[in-house]
Amino acid sequence: YGTAAQNALGHLTVGGVDVVDLAREYGTPLYIMDEALIRRNCRAYVESFRQHYPNFDVAYASKAFLCTAMAALAEQEGLSLDVVSGGEIATTRQAGFPMERTYFHGNNKSPEEIRLAMEVGVGRFVVDSTRELHLLENMAAERGRTVRILLRVTPGVEAHTHEYISTGQLDSKFGIPIAGGLALEAAREALRLSHVELTGFHCHIGSQIFDLEGYRIAVQRMLDLAAAVRAETGFTASELSMGGGLGVRYVEGDRPVPPEELVACLSAAVRGGAPERGLPLPKLIIEPGRSIVAEAGTTLYTVGTIKEIPGVRTYLAVDGGMGDNIRPALYHAEYECAVANKLGSERTRRVTVVGRYCESGDVLLTDVPVAADVAPGDLLAVFATGAYNYSMASHYNRFPTPAVVFVSDGRADLVVRRESFAEMAANDLLPERLRAGAP
Ligand code: LLP
């Protein structure tokens with residue numbers, strides 16, 4: 001992946017930095033992010049749009065991986081940001097990100113979050129329900145403001161992906177179905193309000209998608225909706241967001257579609273479909289998350305106990321696990337790994353890589369080949385962990401969240417410090433009656 005390579009010592013390097021040095025300096029588990037690859041992925045989207053469809057916006061879906069350094073990098077690359085919570089808004093703001101370049105998502109935004117979003121000036125509210133529409137109208141009216149919105153709708157497209165993480169079907173907690181005229185009715189409602197300004201429509205058809213057909217169909221349905229709204233109300237949507245969802249390569253055999261092809265596909269579908277319906281070309285927006293950061297991430301662990309159960313299997317335990325990567329336990333997600341300080345060794349030993357959490361399901365990789373001479377104290381690298389790993393980390397068993405380093409051109413920069421035990425307990429309070437010696 002990206003700049004990953006092997007040096008003369010047989011060690012893994014990322015961004016020109018030996019990961020053995022990174023482990024020594026920052027400890028393990030450690031999230032390593034290949035900055036050059038993140039930038040390359042951002043540019044692949046931006047440059048293809050420039051070529052195919054110059055009226056565009058690429059909003060990085062920050063839920064995939066967010067810290068202030070990532071927000072700043074996205075800003076440098078000219079990306080906007082998709083944020084879904086008060087926390088993501090606060091981090092984005094802390095990074096000095098221009099808030100007018102944010103899209104605020106969420107199916108159940110709280111009044112407090114909406115207030116914060118209005119205060120800091122998020123660019124668009126992506127409205128998920130008619131209840132939110134009225135909440136926004138009232139809150140904007142109280143402040144004598146107008147807020148710009150996109151309506152999130154569900155085009156009823158089922159993208160090929162894992163059941164738990166697909167959001168495009170009719171039966172979804174996200175968005176307003178186009179089917180049954182519900183989206184049309186919501187648009188009508190939005191246009192009646194005076195403190196929300198509808199700019200267009202949004203959809204997100206799923207995640208880890210390998211086939212562009214779903215996007216093509218979704219564009220047609222979104223344009224049908226825009227045409228129906230125009231015919232009924234005279235309102236012309238000037239923005240169309242097709243969400244994120246492009247798949248990445250986790251293991252041998254995954255065949256992701258390059259960003260260029262997604263952009264070409266969406267551009268062609270809109271360029272063909274809008275004029276057919278008498279619609280002007282809208283600004284085309286996408287929200288890639290995983291495909292920007294997943295392959296840029298490597299998690300580095302220290303190998304501990306290697307437990308051989310004769311005739312059954314060998315468990316290789318590392319110093320992290322489901323707390324820093326919940327995806328195998330949650331989605332049966334697969335990864336590849338390597339013994340990072342023994343890349344030259346033959347990979348003839350088969351092991352199941354487990355973590356140190358108190359749960360049998362804490363398995364990171366099942367029955368994978370590793371260096372024959374793997375031993376406690378070695379470093380294990382798990383690849384393509386850049387998306388939905390750090391951002392989905394938990395404190396189960398009170399393990400602190402690992403540090404994150406950005407590596408680039410032979411340099412490493414710590415961008416998230418390793419959490420301390422004290423920080424984990426910083427919000428704990430001990431009532432008087434529970435203190436030692438209390439009667
Ligand atoms: N836009 C919206 C409205 C979304 O809901 C999402 C992801 C994205 C963009 C970015 O999608 P991406 O390009 O990253 O596929 N935790 C799961 C993935 C959940 C995705 C949720 N929404 C996982 O680890 O696979």
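The radius of gyration used here is taken over C-alpha atoms, and the globule rule is 2.2 Å times the number of residues to the power 0.38. The model is predicted. With 439 residues, a compact globule would have a radius of gyration near 22 Å. The protein chain has 24 Å, which agrees.

Start with the overall frame. Along the principal axes, the C-alpha atoms of the protein chain fill a box of roughly 70 × 65 × 40 Å. The chain holds 12 helices and 21 strands. Of its 439 residues, 47% are buried. Now take the contacts between residues at least 6 apart in sequence. In 69% of them, the residues joined are at least 24 apart.

Next come the domains. The domain assignment gives domain 1 (5–33 + 294–424) and domain 2 (35–293). Domain 1 is thus written as two segments, 5–33 and 294–424. Between the centres of the two domains, taken over C-alpha atoms, lie 33 Å. Their contact takes 23 residues from domain 1 and 21 residues from domain 2. On the side of domain 1 that touches domain 2, the elements giving two or more residues are strand 20 (403–408) and strand 21 (411–416). Strand 20 gives the most, with four residues. This side of domain 1 divides into 15 nonpolar, five polar and three charged residues.

Turn to the ligand. Which residues are closest to the ligand? They are Ala61, Gly244, Gly289, Arg290 and Tyr388, out of 20 residues that surround the ligand. Both domains take part: domain 1 and domain 2 each supply at least three residues of the shell. Helix 10 (290–293) and helix 11 (327–331) each supply at least two residues of this shell. By character, the shell divides into seven nonpolar, nine polar and four charged residues.

Strand 14 (residues 297–309) is a good place to follow the pairing of strands. Strand 4 (residues 30–34) runs antiparallel to strand 14, and four bridges join them. Here Ile32 has Thr298 of strand 14 as its bridge partner. Strand 19 (residues 379–383) also runs antiparallel to strand 14, joined by five bridges. In this pairing, Tyr301 stands opposite Leu380 of strand 19.

Strand 14 has a further partner in strand 15 (residues 313–318). These two pair in the antiparallel sense over five bridges. Glu308 stands opposite Thr314 in strand 15. What lies between the strands of this hairpin? There are three residues, and in the hairpin Gly311 takes a positive phi near 75°.

Last, look towards the start of the chain. An open sheet of three strands has the order 1-2-3, and its pairing is antiparallel. Strand 1 (5–6) and strand 3 (17–18) are the edge strands, and each pairs on one side only. Strand 2 (residues 12–14) runs antiparallel to strand 3, with two bridges between them. Thr13 stands opposite Asp18 in strand 3.

Notes. Residues numbered from 1 in each chain as written. Predicted model: local features only at pLDDT ≥ 70, side-chain atom pairs only at ≥ 80, totals over all residues. Buried ≥ 20, exposed ≤ 12 C-beta atoms within 10 Å, placed from the backbone. Contact = placed C-beta atoms within 7 Å. Pairing = 2+ DSSP bridges. Near = placed C-beta within 6 Å. Nonpolar A, V, L, I, M, F, W, Y, C, P; charged D, E, K, R; others polar. Domains from an automatic or database assignment.
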